[in-house]
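Here is a short report on a two-chain model. Please keep the sequence at hand while reading.

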Amino acid sequence: MKAAYLYSLIAVVVLGLIAYAGVEAAGLDVLFGVIIPYLAFIVFLVGFANKVLDWSKSAVPFKIPTTMGQQKSLPWIKQNKIDSPYTTGQVVIRMLLEILLFRSLFKNTRTGFSGERISYKWVIWLWLFAILFHYSFLVVVIRHLRFFAEPVPFFVNFLEQIDGMLQVLLPHMFLSGFALLAGTLLLLVRRVFLPKIVYISRPADYFPLFLITGIAVTGLMMRYLAKVDVIRIKELTMGLATLQPSIPEGGISGLFYVHLFFVSILVAYIPFSKIMHIGGIFLSPTRNTANDTRARRHVNPWNYPVKTHTYEEYEEEFRDKMKEAGIPVEKE
Amino acid sequence: MAETPKPEELFKNIDHSVPEEPWEDVPPDLSPGRFAYPTKPKNLEYLGMPMPTKEEWSPADEEWPIPDNWKEIIHEGFKDRLEKYRSLKIFMDVCVRCGACADKCHFFIGTGDPKNMPVLRAELLRSVYRKDFTTAGKILGRISGGRPLTKQVLKEWFSYFYQCTECRRCSVYCPYGIDTAEITMMGRELLSLLGLNINWILEPAANCFRTGNHLGIQPHAFREMVDFFCDDIEEITGVKLEPTFNRKGAEILFITPSGDVFADPGTYTMMGYLLLFEHLGLDYTLSTYASEGGNFGLFTSSEMMKRLNSKMYAEARRLGVKWILGGECGHMWRVIHQYMDTMNGPTDFGETPKSPITGTVFENAAATKMVHITEFTADLLRHNKLRLDPSRNDNKVVTFHDSCNPSRAMGLLDEPREVLKAVCNNFYEMPENTIREQTFCCGSGSGLNTEEIMELRLLGGLPRANAVRYVHEKFGVNMLSCICAIDRAALPPLMDYWVPGVDVTGIHELVGNALVMDGEIERTMDLRFEPLKEETEEDADE
């Protein structure tokens, strides 16, 4: 599937060029600075809500937790409360660990053949890349709240202080931007070089990674190389946030519009893509149901009567044989 | 069908490299030996299931006997299930193809076939879902991962949804908990709408519907078989047992898979249960009507599962028992633990299960009123209610195979181990990534333990066998214990092939050996009529 990632890469480059040319050559500042961001945001909100509503409309006929530890049974047998949750509280803990720490992914192993033995080695790389990617993305997103609120919320400033730990050595440097780029590239490298992963990957797997790479690269360029006019950018973003959009006097560099366009595309793309795992994880029945089905009845909303073979029908067919074998019957 | 190659050769030929062409373009291998036989019309007819032809047909045929409007049937069936199962909808939407599941499947490890990676098994359905049910898929087609439903896709479904044992191992590692068992179940339900399913599943289901058990054992024969075990028990222990059948007013109804009545080594496990109940003086009865613990309906459709399962509660109610005790079986316990009360409850008989021997109340089974035999026995051991001589199992060096369903759909992990450690002196665990919730399937679960796909089964069972081989060589393990009737049928040929010198046993066979019965004669033989003081077979393999 080499074509898959080439197409995705080309698609992202072309999108970037469109935004750059659109603003620099065609003067479409309003389109790329106001209209598209608003549209993207609306598509995101409506699409996301729709998807989650659509999921929740489907029934949960059975409780089907994947149990990954000892069930609650006899009092002296120690229950694994996280991996085999019995109460809602325990389910919540399991879900939090899954959502915040990617606990299942942490268990990952690699199967290897050595001589006549098959071995299963604990491997942490995918988990590590995923954590790096998701958390740096989160920090970057929170940092960007500075562009949409005045005064800047205290937690944004606080986070920036932590994020800028290395500023003693390198002035004005935030770790998160570089971490995001590194995390994205590491995930991309897996998809480009590991044959099995290449084989299962589709354009829909490469596209968001290239897009996010584009977002990170343009972001880092603006901050560390191109030195765009941050005051004007904030003027634009505050305008968007307060529903009084305007293009600042004197304009902003095309690079910024490329960045904004990438972000718009990503945001609008989320509801229609695998990125919906953000919402899906909360509703996954193998993780969010309790392992208590023998103790507490779970109701299936569409449970319907089925054709069974009753005891009477059974005895009717076998009565003589049963009597002969000394098995009690209802009707002599 | 070709002869199965020698183990070394089969092992050597496992190839994990990926093909040149994309998986969508690789046709499924439906040559003889790679598929299970389709269901005989008489079984479909008996169960009232879709049956497009009364003729014999083979999946190797170019044209399959499916109705003209097959696409419509599948589409409507898919739509219906997306509304009925949130699991399906979520699992269709959220996979990011991270690949964590890829090498977790025993069939992938054994065959190297990329479509046995759980992620691709699910993509077989997902690609059609995208094309038919998502906006992006309708517009973008293949770029967004959609593809039209064609006859080749249908053949692919048939091939790969019957190369999955619904063991749920992949769902342990999936960051979103995507459970391929759900995918496979849905895939099989859809295929069944066209009358496409396999005889090894539907014949037992039809038998079970009629006679109460998969093997089609009629009531008188069922009794004869159990009586026959009692004769054996008398010969070995000197104790005469008189189990009852369909007895009203018994305190407990005991239900176990019919495999335990039918074939070695399950029969020895059955003898173990009978000895245990005699030892306790338990007020219990067996039923010929509910004479099956297992449920091949689970491998067909949720409706068939419910139809077959209904007998348990119906019989408990008719006989007026207080609660139900269940024998050692894997998928049986998935049905009982996660589905039974929801499908056929709420229970309208009896009370919360309480051990008449120890007084322990099984609160964890308050709703279903059904207790697993190892829970029951572990409780007896805790309260010192059993007289045991574990040295009678000294000629056995034992390891334990966690069956998929009790481990990953129930969490029954320590109960069987407590029992094992009490009844035998030599017990060794297999490597940790192959036991408990990470256990490997026997390779024949979910109705795939049929002869015609033996090579596939041996490949699917390889990871399990390889871990047994490790403890066989390291500790001299010669006995593989398990709590599943399909295991007891499927593991012996698997062991004979990959790890000769290892036998298979249920836990309660070992219990039966160790139990010191009132009035017993001096025990010189185990329940297999093999001498107790035999030399260990440590030199058998080296």
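Chain B is assigned domain 1 (7-30 + 50-196) and domain 2 (205-514); the bounds come from an automatic or database domain assignment. This is a predicted model, in which local features need pLDDT of at least 70, side-chain atom pairs count only at pLDDT 80 or more, and totals for chains, interfaces and linings use all residues. Residues are numbered from 1 along each chain as its sequence is written, while chains are lettered from A and ligands numbered from 1 in the order in which they are written.

**Between the domains of chain B**

The C-alpha centres of domain 1 and domain 2 of chain B lie 31 Å apart. Contact here means that the C-beta atoms of two residues, placed from the backbone, lie within 7 Å. On that basis, 18 residues of domain 1 of chain B touch 23 residues of domain 2 of chain B. On the domain 1 side, the elements giving two or more residues are helices H1 (7-12), H5 (106-111), H9 (169-173) and H10 (180-193) of chain B. Helices (H or I, at least four residues) and strands (E, at least two) are DSSP runs, numbered from the N terminus. H5(B) gives the largest share of this side, 5 residues.

**Between the chains**

The contact between chains draws 79 residues from chain A and 94 residues from chain B. Elements giving two or more residues to the chain A side include S1, S2, helix H9 (203-226) and helix H14 (311-324) of chain A. H14(A) supplies the largest share of that side, 6 residues.

The table gives the make-up of two contact sides. Ala, Val, Leu, Ile, Met, Phe, Trp, Tyr, Cys and Pro count as nonpolar, Asp, Glu, Lys and Arg as charged, and the others, Gly among them, as polar.

| Side | Nonpolar | Polar | Charged |
|---|---|---|---|
| Domain 1 of chain B, touching domain 2 of chain B | 7 residues | 6 residues | 5 residues |
| Chain A, touching chain B | 38 residues | 24 residues | 17 residues |

**Strands**

Strands S1 (109-114) and S2 (117-122) of chain A pair in the antiparallel sense over 6 bridges. Pairing requires that DSSP finds at least two bridges between two strands. Arg110(A) has Lys121(A) in S2(A) as its bridge partner. S1(A) and S2(A) form a hairpin with 2 residues between them, and Gly115(A) in the turn has a positive phi of about 60°.

Chain B has an open sheet of 3 strands in the order S5-S6-S7, with parallel pairing. S5 (398-401) and S7 (503-506) of chain B are at the edges with a single partner strand each, so one side of each is left without a neighbour in the sheet. S5(B) runs parallel to S6 (479-482) of chain B, joined by 4 bridges. Phe400(B) has Ser481(B) in S6(B) as its bridge partner. Helix H23 (507-514) of chain B lies across S6 and S7 of chain B, at about 80° to S7(B). Axes are lines fitted to C-alpha atoms, for helices over the stretch in contact, and angles run from 0 to 180 degrees between N-to-C directions.

**Core and a loop residue**

A nonpolar core is a set of buried Ala, Val, Leu, Ile, Met, Phe, Trp, Tyr and Cys residues joined through C-beta atoms within 7 Å. The largest has 225 residues, and Met495(B) is one of those that touch the most other members. Beyond four places in sequence, Met495(B) touches Ala465(B), Val468(B), Leu480(B), Val502(B) and Val504(B).

Met51(B) sits in the loop between H2 (41-47) and H3 (70-84) of chain B. Met51(B) is partly exposed, with 17 other C-beta atoms within 10 Å; 20 or more would make a residue buried, 12 or fewer exposed, with C-beta atoms placed from the backbone.
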